[in-house]
Amino acid sequence: MRRRLLPAPVTAAVAALALLLAGCSGGDGRGTDADGVIRLSFQSLAWQKESVDANKRLVREWNAAHPDIQVDYVQGSWDNVHDQLLTSFEGGEAPDIIHDASDDLADFAYGGYLADLRTLLPDRLAEDIPQQSWSTTTFGDGVYGVPFLQEPKVLIANKKILESSGVRIPTPDKPWSWPEFRQITGKLTKKGTYGVAWPLKEPVSVTLNLGLSSGGQLFHRGADGKVTIRFDEGDRVMPGTVQDQVVSDRSAARPSLGMGGSDTLPGFFGGKYAMVPLGFSYRQQVVEQAPEGFEWTVLPAPAGSGGLAQGVSPQTLSVAEDSPHKKEAVRFIDFLLRPANMVRLAKGDWMLPTGTEALADPALHATENGWATGTALARALRPAPAQSVRGYPEWKDKVATPALQEYYSGAIDTEELKKRLVEDGNRVLARYQR
Amino acid sequence: MSLRTSRTARAGQYAALLCYLVFLAFPFLWLISTAFKPARELGSLHPTWIPEDPTLDNFRQAFDEQPLLRAAANSLTAALCAALIAVVIATPMAYVMARHRGRLSTAATGWVVVSQAFPFVLVIIPLFLVLKHLHLINSLWGLILVYVVWSLPFALWMLAGYVRAVPPELEEAAAVDGAGRVRILVSVTAPLLAPGIVATALFAFITAWNEFFFALVLLKAPEKQTLPVVLTHFLGAEGVADLGPLAAAAFLATLPSLVLFAVIQKRITGGLTAGAVKS
């Protein structure tokens with residue numbers, strides 16, 4: 001007689017579990033209620049109160065006007081969004097409408113998780129958003145997201161220090177050149193005050209994005225589609241200026257090199273720094289936290305041979321490939337991004353809309369809080385270099401971040417920086433392009 | 001050693017202890033200070049420990065913007081259930097592991113050690129798929145199941161140590177007096193293990209209370225989200241934070257753990273020292 005390996009209750013429990021596993025795999029989850037109402041989930045990453053309120057109000061308006069297509073607002077967060085989405089995609093439980101940033105989309109687009117929107121987008125929306133913005137969400141032949149909010153880097157400046165120094169105040173029409181910027185930060189540097197504080201805790205994207213203004217590109221795609229790294233004259237200008245300010249001129253605060261953007265604000269409010277290069281949306285923090293009577297202004301970042309060009313990774317709205325209601329999801333996106341609604345979202349996030357019509361809204365051209373300066377920069381915004389280059393994250397973490405940190409602090413010179421970025425960098429990229 | 005030297009040494013010990021306590025308490029005290037500061041003081045170049053113009057606005061804003069109470073209730077349910085279930089399962093298993101040494105016991109210990117080495121991201125996708133098939137995505141019970149499985153190995157390891165600290169002679173004496181196996185376990189061993197069980201439950205509770213990633217991935221519906229997930233809603237892209245409300249909410253989130261520690265501190269201390277000295 002064979003010995004029973006497991007007692008009967010355990011065997012029964014295992015069998016029940018196996019049946020449950022087998023039986024539960026056929027759940028429909030097709031996003032349609034029993035009464036035929038289509039249900040879409042919209043995962044938003046909005047986090048500032050005005051922005052969350054604007055998103056929720058728009059969802060309510062949509063739901064009221066479309067009883068047959070109801071949208072459920074799901075609050076996501078920027079922290080860990082990539083891992084969270086990846087798991088949801090793999091598990092077939094992704095939200096129908098996905099809010100993210102364009103530099104996070106490449107893996108999802110190439111992985112087949114996102115719907116190609118080319119045939120789904122209405123002409124109005126497709127034509128309203130400029131081609132350079134669409135190129136941030138175009139991977140291969142497909143378009144995998146609608147770019148809708150973006151922010152340039154601007155110089156947020158202490159108005160009193162700037163005006164009392166007598167330096168020329170730059171405008172988007174007549175910005176400072178990089179050499180002029182260096183000269184001016186020298187003039188603004190007095191006892192207890194630095195001309196500028198560069199928050200370069202994460203130095204790579206700032207360097208690449210602002211590098212475009214002097215024609216720097218670093219990543220070059222060949223005719224065979226392969227990307228290589230070159231460090232040309234244009235690539236030297238922005239990092240060279242910063243190193244000169246920190247090391248030679250001492251017009252940039254060295255401790256700020258290890259700071260994030262928010263970390264520089266107390267020093268800025270305390271008059272320790274005359275200017276801080278920050279994202280456009282940081283104005284909200286300035287408005288909230290600046291001491292009573294503190295006067296500040298928004299200036300365009302310096303320009304070079306590339307004019308005011310700089311790289312951005314816009315916020316995007318995508319549709320999951322698994323969604324059974326892609327058309328309806330795109331209809332909702334179209335509603336959310338109507339010009340008037342795009343303005344509401346932009347104001348809620350203190351950012352710029354990508355849509356041409358929304359950008360023309362008078363509310364975004366007010367001089368108050370620097371809106372007009374930012375809006376004037378919109379046409380110069382380009383896709384962030386390398387956001388669709390495979391191997392970029394590894395290059396960024398293993399090669400570029402340490403090399404740039406050492407360079408900005410003066411530990412290595414330009415030739416050594418070039419050597420590391422190019423030689424080590426190309427070795428990394430080659431592994432991804434075999 | 002002279003009396004004077006002894007006093008000097010004692011003073012030095014207390015000074016070192018004080019420094020250590022200050023070091024440990026600094027983040028928490030700073031969190032409290034930040035929670036009561038108005039926005040303008042948060043951006044001050046000369047921050048102060050005591051807010052110059054203390055305000056409850058951050059708490060009001062935090063409660064106004066996020067469903068903190070609901071999230072705290074979810075966290076509490078998940079953490080309490082996970083702790084309770086983990087202890088109920090781990091106690092008899094730990095007893096067997098500690099008292100019946102053999103290949104199986106050694107293998108189990110090895111498994112415990114290895115299972116602690118897996119990073120969350122490695123297991124999350126298979127786990128997600130399994131829970132999806134069991135219809136436990138978006139369910140607190142699914143999350144509790146994960147927390148139990150996740151805390152079980154360490155709970156087991158911890159409790160096995162406590163069991164080993166209970167002299168087997170006590171059980172043998174009870175057996176000689178005529179007590180059966182169950183009676184011995186319930187009346188003799190279990191009371192001696194109580195401090196260990198409490199400490200283990202606390203460990204499981206805090207692990208579950210603070211856990212973020214599983215909760216983020218497994219719970220989609222806003223009404224199911226736990227406190228750590230809701231706290232991240234005060235964070236924007238690239239580390240930008242709504243600092244005041246975040247500090248206020250984070251301060252509130254630490255309170256249950258602190259209260260729990262305060263209530264059962266004596267039992268934990270007893271548990272940690274149990275068996276330290278051979279009787």
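In this predicted model, helix H3 (residues 81–90) of chain A lies across strands E1 and E3 of chain A and runs at about 150° to E3(A). E1(A) and E3(A) belong to an open six-stranded sheet of chain A with mixed pairing. Chain A also holds an open sheet of four strands, whereas chain B has twelve helices and zero strands. The contact between the chains buries about 3200 Å², and the structure holds two cavities of 30 Å³ or more.

**Six-stranded sheet of chain A**

- The strand order in this sheet is E2-E1-E3-E14-E6-E15.
- Strand E2 (69–75) and strand E15 (352–353) of chain A are the edge strands; each has a single partner strand, so one side of each lacks a neighbour in the sheet.
- Strand E1 (residues 38–44) of chain A pairs with strand E3 (residues 97–101) of chain A in the parallel sense, over two bridges.
- Within this part of the sheet, Phe42(A) has Ile97(A) of E3(A) as its bridge partner.
- Helix H14 (residues 339–349) of chain A lies across strand E6 (146–150), strand E14 (315–319) and E15 of chain A, and its direction makes an angle of about 45° with E6(A).

**Four-stranded sheet of chain A**

- This open sheet has the order E8-E11-E7-E12, again with mixed pairing.
- Its edges are formed by strand E8 (194–196) and strand E12 (296–300) of chain A; because each has a single partner strand, one side of each is left without a neighbour in the sheet.
- On average, neighbouring strands of this sheet are turned by 30° against each other, direction ignored.
- Strand E7 (residues 153–158) of chain A pairs with E12(A) in the antiparallel sense, over five bridges.
- Ala157(A) has Thr297(A) as its bridge partner in E12(A).

**Chain B and its contact with chain A**

- From the N terminus on, the elements of chain B run α-α-α-α-α-α-α-α-α-α-α-α.
- The C-alpha trace of chain B spans about 75 × 70 × 30 Å along its principal axes.
- The contact involves 38 residues from chain A and 35 residues from chain B.
- Carbon and sulfur atoms give 62% of the area of about 3200 Å² buried between the two chains.
- On the chain B side, Arg40(B), Leu45(B) and Lys220(B) lose the most area to chain A, together accounting for 18% of what that side buries.

**Largest cavity**

- The largest cavity contains about 110 Å³ of space.
- It is lined by 14 residues, and those closest to its centre are Thr207(A), Leu208(A), Leu218(A), Phe231(A) and Asp235(A).
- Helix H9 (203–211), helix H10 (233–248) and helix H17 (392–409) of chain A each contribute at least two lining residues.
- H9(A) gives the largest share of this lining, with four residues.
- By class, the lining comprises nine nonpolar, four polar and one charged residues.

**Second largest cavity**

- The second largest cavity contains about 60 Å³ of space.
- Residues of chain A in its lining are Gln43(A), Val74(A), Gln75(A), Gly76(A), Ser77(A) and Gln84(A).
- From chain B, the lining takes Leu216(B), Leu219(B), Lys220(B), Gln225(B), Val229(B) and His233(B).
- Lys220(B) thus appears in this lining and also among the chain B residues that lose the most area to chain A.
- The lining of the second largest cavity divides into four nonpolar, seven polar and one charged residues.

Definitions and conventions. Residues are numbered from 1 along each chain as its sequence is written. Chains are lettered from A and ligands numbered from 1 in the order in which they are written. This is a predicted model: local features need pLDDT of at least 70, side-chain atom pairs count only at pLDDT 80 or more; totals for chains, interfaces and linings use all residues. Side-chain values use heavy atoms; hydrogens and water are left out. On a 1 Å grid over the protein atoms alone, a cavity is a set of points where a 1.4 Å probe fits but cannot get out, and a pocket is an open set with protein on both sides within 12 Å along at least five of seven lines; lining residues have an atom within 4 Å of a point. Grid points are joined across faces, edges and corners, and a volume is the space filled by probe spheres set on the points. Ala, Val, Leu, Ile, Met, Phe, Trp, Tyr, Cys and Pro count as nonpolar, Asp, Glu, Lys and Arg as charged, and the others, Gly among them, as polar. Two strands pair if DSSP finds at least two bridges between them. Contact means heavy atoms within 4.5 Å. Axes are lines fitted to C-alpha atoms, for helices over the stretch in contact, and angles run from 0 to 180 degrees between N-to-C directions. Buried area is the accessible area (1.4 Å probe) that two parts lose on being put together, summed over both.
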